[in-house]
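These are my notes on a model of two chains. I went through the interface, then the charged pairs, then two aromatic side chains.

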Amino acid sequence: MKNHAWRPLAVVIGAVALLLLVRANVVPSDFGVNGENFTYGFHRKGSIDDWKAVQIKYKGREYCRECHEEKVTENESSPHKVIECENCHGPAIEHPDNPEKLVVDRSRGLCLRCHAFLPYPQSHRSEMPAIDPDEHNPDQACADCHNPHNPNLEAM
Amino acid sequence: MSSSRRKFLKTAITGGIAASLPLSAFKLLSPAEVQASIGDDKVRWAFLIDIQKCVGCGFCVKACKLENEVPYDLPVSRTWVERYVVTKDGKSHIDSPEAGRDGYTSAKVRGDDIPPEEITKAFFVPKLCNQCEKPACVQVCPVGATYQTLDGVVLVDRKWCIGCGYCIMACPYGVRFFHPVYKTAEKCTFCYHRITKGLKSACVQACPFGARQLGNLKDHDDPVTHTIMTQRVGVLKAEYGTKPQAYYIGLDERVR
């Protein structure tokens, strides 16, 4: 056969070989059908481990108890026991190493998340002990009068 | 000599068949590999949301953003809380300021004062990825960067995502967004790093009222599964056929 037939064929074979070579090097070996089927499970398997390796930042009440037993116990006898420590104190992450000190949110806004009155009958929100933030000591911090760990209106 | 010819033919045919069989046909699979290929039969994560219990405090959104390193002050979030206020004239007033991150502290909806006597019903609806059984977002990915794990969670491979945004368009629930830092598609993972270690998702843990719960549908002793099986629950946009796995108690037809 003449050269004009062989030359383009060589180019095509070369291109395919190059593609396969690049593909073999670039596509990770764990790439394939790793889930239930091709439609939903075609992926790089290592990605699952990447997601599992995300750092846990919210450690939960029991982690806090390890050092702050007294505070946690005090809180547990109050209506505020349903609130996780870290909701107000911020995520522990690696506390006490990093961060050494947690920044507590003492703003009125934090308390008003639940305790600003909203007239919503189909939601438990309307049953919360609530105030009108514009009427109820608007310039004062809630924690000046109320103990957030154990809010007791009768003892006030 | 005739017998040796027959022998030769026999050998040739058997050899031919054996040679045409790929080696992989004889590969022995370990039990783990078989298990992986037919699916993990022990876990299927699902979410249960009780709308009546939600008071709109937004602690879930705050916890999610901090736990999953979603930029706190940018208008993106993996989960959010919507407020629905329906008035006597039949109108729905819906808002979700900052995704509900700072809670709902004012009765004003989008700046409008709604008199309490005009309200017929009002409630909060937490939303997050439905971890669909047939996720449209996964089907459309052109590079295999998003997928469903065997326990039913849809994840994004940040190293493989090219940021084309098809999945963001394909999701009927609008739960996907473009991550401003990683420049890839981003979505709720049910806190995969937590639930695979036996912890609750950050939003579930942060919810003071138990409005958000996570359960394993394949464990019939799981209280969440029990509720889904025995109580009246609804899902969002069932008509899309994606088989969402976030179940709602007290769902209203106005919630889309």
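**Entry 1: the interface.** I began with the area buried between chain A and chain B, which comes to about 4500 Å². Carbon and sulfur atoms give 60% of that area. I then asked which three residues supply the most of what chain A buries against chain B. They are Tyr40(A), Trp51(A) and Arg113(A), with 21% of chain A's share. I keep in mind that this is a predicted model.

Next I looked up the contacts. On the chain A side I find 46 residues, and they are in contact with 63 residues of chain B. Between the two chains I count 24 residue pairs in polar contact, both partners at pLDDT 80 or more. I wanted to know which elements of chain A supply at least two residues each to the side that touches chain B. The helices are H2 (38–41), H3 (46–52), H5 (85–89) and H6 (108–115), and strand E2 (42–44) also belongs to the list. By class, this side of chain A has 23 nonpolar, 13 polar and 10 charged residues.

**Entry 2: helix H6 of chain A.** I checked which residues of H6(A) are buried. I noted Arg108(A), Leu110(A), Leu112(A), Arg113(A) and Cys114(A). What do the buried residues of H6(A) pack against? I find H5 of chain A together with helix H3 (59–67) of chain B. Arg113(A), buried in H6(A), is also one of the three residues I listed for the interface area.

**Entry 3: salt bridges across the interface.** Over all chains I count 16 salt bridges. Between chain A and chain B the count is four. One of the cross-chain pairs is Asp157(B) with Arg44(A), the closest N and O atoms being 2.7 Å apart. I followed this pair outward and reached a network of salt bridges that links Arg44(A), Asp50(A), Asp157(B) and Lys159(B).

**Entry 4: salt bridges within a chain.** In chain A I looked at Glu76(A) and Arg65(A), whose side chains meet in a salt bridge at 2.7 Å, N to O. Is each partner buried or exposed? Glu76(A) is partly exposed, at 31% relative accessibility. Arg65(A) has 18%, so I log Arg65(A) as buried; the cut-off is under 20%.

In chain B I took Arg158(B) and Glu186(B), a salt bridge of 2.9 Å, N to O. Arg158(B) lies in the loop between strand E6 (154–156) and helix H5 (166–170) of chain B, and Glu186(B) lies in strand E8 (residues 185–186), so the pair ties together parts 28 residues apart in sequence. Glu186(B) is buried at 1% relative accessible area. Arg158(B) is partly exposed at 24%.

My last charged pair was Arg256(B) and Glu239(B), with closest N and O atoms 3.0 Å apart. Arg256(B) sits in the segment after strand E10 (246–249) of chain B and Glu239(B) in the loop between helix H8 (223–230) and E10, so this bridge ties together parts 17 residues apart in sequence. Arg256(B) is partly exposed, at 48%. Glu239(B) is exposed, at 55%.

**Entry 5: two phenylalanines of chain B.** I found Phe47(B) in strand E1 (residues 45–50) of chain B. Phe47(B) is buried, at 0% relative accessibility. Beyond four places in sequence, Phe47(B) touches residues including Leu128(B), Phe190(B), Leu214(B), Ile228(B) and Tyr247(B). I also looked up Phe47(B) and Val224(B): they are 177 residues apart along the chain, with C-alpha atoms separated by 8.0 Å.

Phe123(B) lies in strand E4 (residues 119–127) of chain B. Phe123(B) is buried too, with a relative accessible area of 5%. Where does Phe123(B) make contact, leaving aside neighbours within four places? I noted Ser123(A), and among the chain B residues Ile51(B), Tyr84(B) and Val255(B). Phe123(B) and Tyr166(B) are 43 residues apart in sequence and 32 Å apart in space, C-alpha to C-alpha.

**Entry 6: domains of chain B.** I closed with the domain division, which comes from an automatic or database assignment. Chain B is divided into domain 1 (2–38) and domain 2 (40–256). Their centres, taken over C-alpha atoms, are 51 Å apart.

Note on methods
Residues are numbered from 1 along each chain as its sequence is written. Chains are lettered from A and ligands numbered from 1 in the order in which they are written. This is a predicted model: local features need pLDDT of at least 70, side-chain atom pairs count only at pLDDT 80 or more; totals for chains, interfaces and linings use all residues. Side-chain values use heavy atoms; hydrogens and water are left out. Buried means under 20% relative accessible area, exposed over 50%, partly exposed in between (1.4 Å probe, protein chains only). Helices (H or I, at least four residues) and strands (E, at least two) are DSSP runs, numbered from the N terminus. Contact means heavy atoms within 4.5 Å. Buried area is the accessible area (1.4 Å probe) that two parts lose on being put together, summed over both. A polar contact is a pair of N or O atoms within 3.5 Å; within protein, one must be able to donate a hydrogen and the other to accept it, and residues adjacent in sequence count only if both atoms are side-chain atoms. Ala, Val, Leu, Ile, Met, Phe, Trp, Tyr, Cys and Pro count as nonpolar, Asp, Glu, Lys and Arg as charged, and the others, Gly among them, as polar.
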